[in-house]
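Morning, everyone. I'll take a few minutes on one model, going from helices to sheets to backbone oddities. Here it is.

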Amino acid sequence: MGDSTSPSDGPAEPRRKSKKPKYSRFTQQELPACKPLLTPMIVVTTFALIGIIFIPIGLASLSASEQVVEIVYQYDVDCIPEQSQNDKVAFIQSSVTNKTCTRTLTVPRHMDGPVHIYYELDNFYQNHRRYVKSRSDKQLRSKASEKVTTNCAPEATTSDGSVIVPCGLIAWSLFNDTYSFAIDSKTIEVNKKNIAWQSDKEHKFGNDVYPKNFQMGGLIGGAKLNASIPLSEQEDLIVWMRTAALPKFRKLYGRIETDLDANEQITVTIQNNYNTYSFEGKKKLVLSTTSWIGGKNDFLGTAYLTVGSLCLFLAMAFIVLYLLKPRTLGDPSYLSWNRNPDGHY
């Protein structure tokens, strides 16, 4: 007998692959789940527990913040001579003006060492997209990638085409004000070691990468770098290259390892070199101790206190409301997930 299939039928169509996912209790959301019933007792207990936990944390944070001693001095205006107050930009850009500024600061309370020295800039948008992108991480990490300057324009190469290391606007605008301190004519040593993140020094800045053609153009943006020291040891640069998220920020300059007594007079010599006047920025010198929460920060404690107090208030309000106008709770056995498989309750 011959094949019953007609030649006109042609070959069978291949079976289509189904896009239906493989069945599992996870993809079908059939795993056991916790479905709490928000009874008045559970709601009141939850709010009360949050309040009891948050309020002590807030008080402890505020207490720690209060123990931090800070000296904040804004010097961008004070360090401009009276005759140059009307044209601050010309003063700061001039190469012949004397930018040394000496001021005396009084220690308000005893400051336990180490005392951290910060510079604070205001109205400086390090988070601007083009500014943040103006760097070459490959170049910073390895000498082999020295010529990788894709995003660094206009600070990628010199006028004769030589590569700039480190390239980009972030490095070019490196902060270059300097501070020195003395008490009773005795110089206080400033420790500038270990001010950068260890991970940055080990993984983001190569020990075989050295500055090259840096700040050699016609327009100087900021500090110069020692060409004989690898980038992994240029900690001022490493601190600066970690860009800030907000226009007002502080960056660590160094540490004073000794204690400072109350009412001591600190003579500060400032080299006011950095140009913040072109964009109406502000510069401050900050001396600060630290606590277990870091520097002075009242916001954290205030936030905990606010949330904790609000939760306690809501817990008490729900208790009063439940006592004045109680409501009969429904029977949870009628809920859909409490049904028997046959559909009965």
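Start with residues 37-59: the chain there is 87% helix and 0% strand, and the end C-alpha atoms lie 33 Å apart. Helices here are DSSP runs of H or I with at least four residues, strands are runs of E with at least two, and both are numbered from the N terminus. Residues 303-324 are 100% helix and 0% strand, with 32 Å between the end C-alpha atoms.

Before going on, some ground rules. This is a predicted model: local features need pLDDT of at least 70, side-chain atom pairs count only at pLDDT 80 or more, and totals for chains, interfaces and linings use all residues. Residues are numbered from 1 along each chain as its sequence is written, and side-chain values use heavy atoms, with hydrogens and water left out.

Why those two stretches? UniProt, in an unreviewed entry, places the feature "transmembrane region" at residues 37-59 and 303-324. UniProt positions are in the numbering used here, feature names are shortened, and annotations may be inferred rather than shown by experiment.

Now the helix pair. Two packed helices are described by the angle between their axes and the distance between the axes. The axes of helix 1 and helix 8 (residues 298-324) come within 7 Å and cross at roughly 155 degrees. That makes helix 1 roughly antiparallel to helix 8. The label depends on the angle: under 35 degrees is roughly parallel, over 145 roughly antiparallel, 65 to 115 roughly perpendicular, and the rest oblique. Axes are lines fitted to C-alpha atoms, for helices over the stretch in contact, and angles run from 0 to 180 degrees between N-to-C directions.

What is in the contact of helix 1 with helix 8? Its residues divide into 22 nonpolar, 8 polar and 1 charged. For the classes, Ala, Val, Leu, Ile, Met, Phe, Trp, Tyr, Cys and Pro are nonpolar, Asp, Glu, Lys and Arg are charged, and the others, Gly among them, are polar.

One residue to click on is Thr 45, in helix 1 (residues 40-67). The C-alpha atoms of Thr 45 and Leu 312 are separated by 9.8 Å, and the two residues are 267 apart along the chain. Thr 45 counts as partly exposed, at 44% relative accessibility. The cut-offs: buried is under 20% relative accessible area, exposed is over 50%, partly exposed is in between, with a 1.4 Å probe and protein chains only.

Next, the sheets. One open sheet has 4 strands in the order 1-8-3-6, with antiparallel pairing. Strand 1 (70-74) and strand 6 stand at the edges, each with a single partner strand, so one side of each has no neighbour in the sheet. Neighbouring strands are turned by 20 degrees against each other on average, direction ignored. Pairing needs at least two DSSP bridges between two strands.

Walk across this sheet. Strand 1 pairs with strand 8 over 5 antiparallel bridges, and Glu 70 has Ser 288 in strand 8 as its bridge partner. Strand 8 (residues 282-288) joins strand 3 through 7 bridges, again antiparallel. Ile 117 stands opposite Leu 287 there. Strand 3 also pairs with strand 6 (residues 249-256) over 7 antiparallel bridges, with Tyr 118 opposite Leu 252. In strand 3 (residues 115-122), 7 of the 8 residues are buried, so this strand is largely enclosed by the rest of the structure.

There is another open sheet, with 4 strands in the order 2-7-4-5 and antiparallel pairing. Its edge strands are strand 2 (100-106) and strand 5, each pairing on one side only. The twist averages 30 degrees from one strand to the next. Strand 4 and strand 7 (residues 265-271) run antiparallel, joined by 5 bridges. Tyr 179 faces Ile 270 in strand 7.

Last, the backbone. Most residues other than glycine have a negative phi, and most peptide bonds are trans. Where are the cis bonds? One joins Ala 153 and Pro 154, with omega about 5 degrees. Another runs from Val 165 to Pro 166, with omega near -5 degrees. Pro 154 is in the loop between helix 4 (137-141) and helix 5 (169-172), and Pro 166 is in the loop between helix 4 and helix 5 too.

Now positive phi. Ser 185 has about 65 degrees and is not a glycine. Ser 185 sits in the loop between strand 4 (178-183) and strand 5 (186-188), exposed at 76% relative accessible area. Asn 194, also not a glycine, has a phi of about 60 degrees. Asn 194 is in the loop between strand 5 and helix 6 (198-203), and is partly exposed at 48%.
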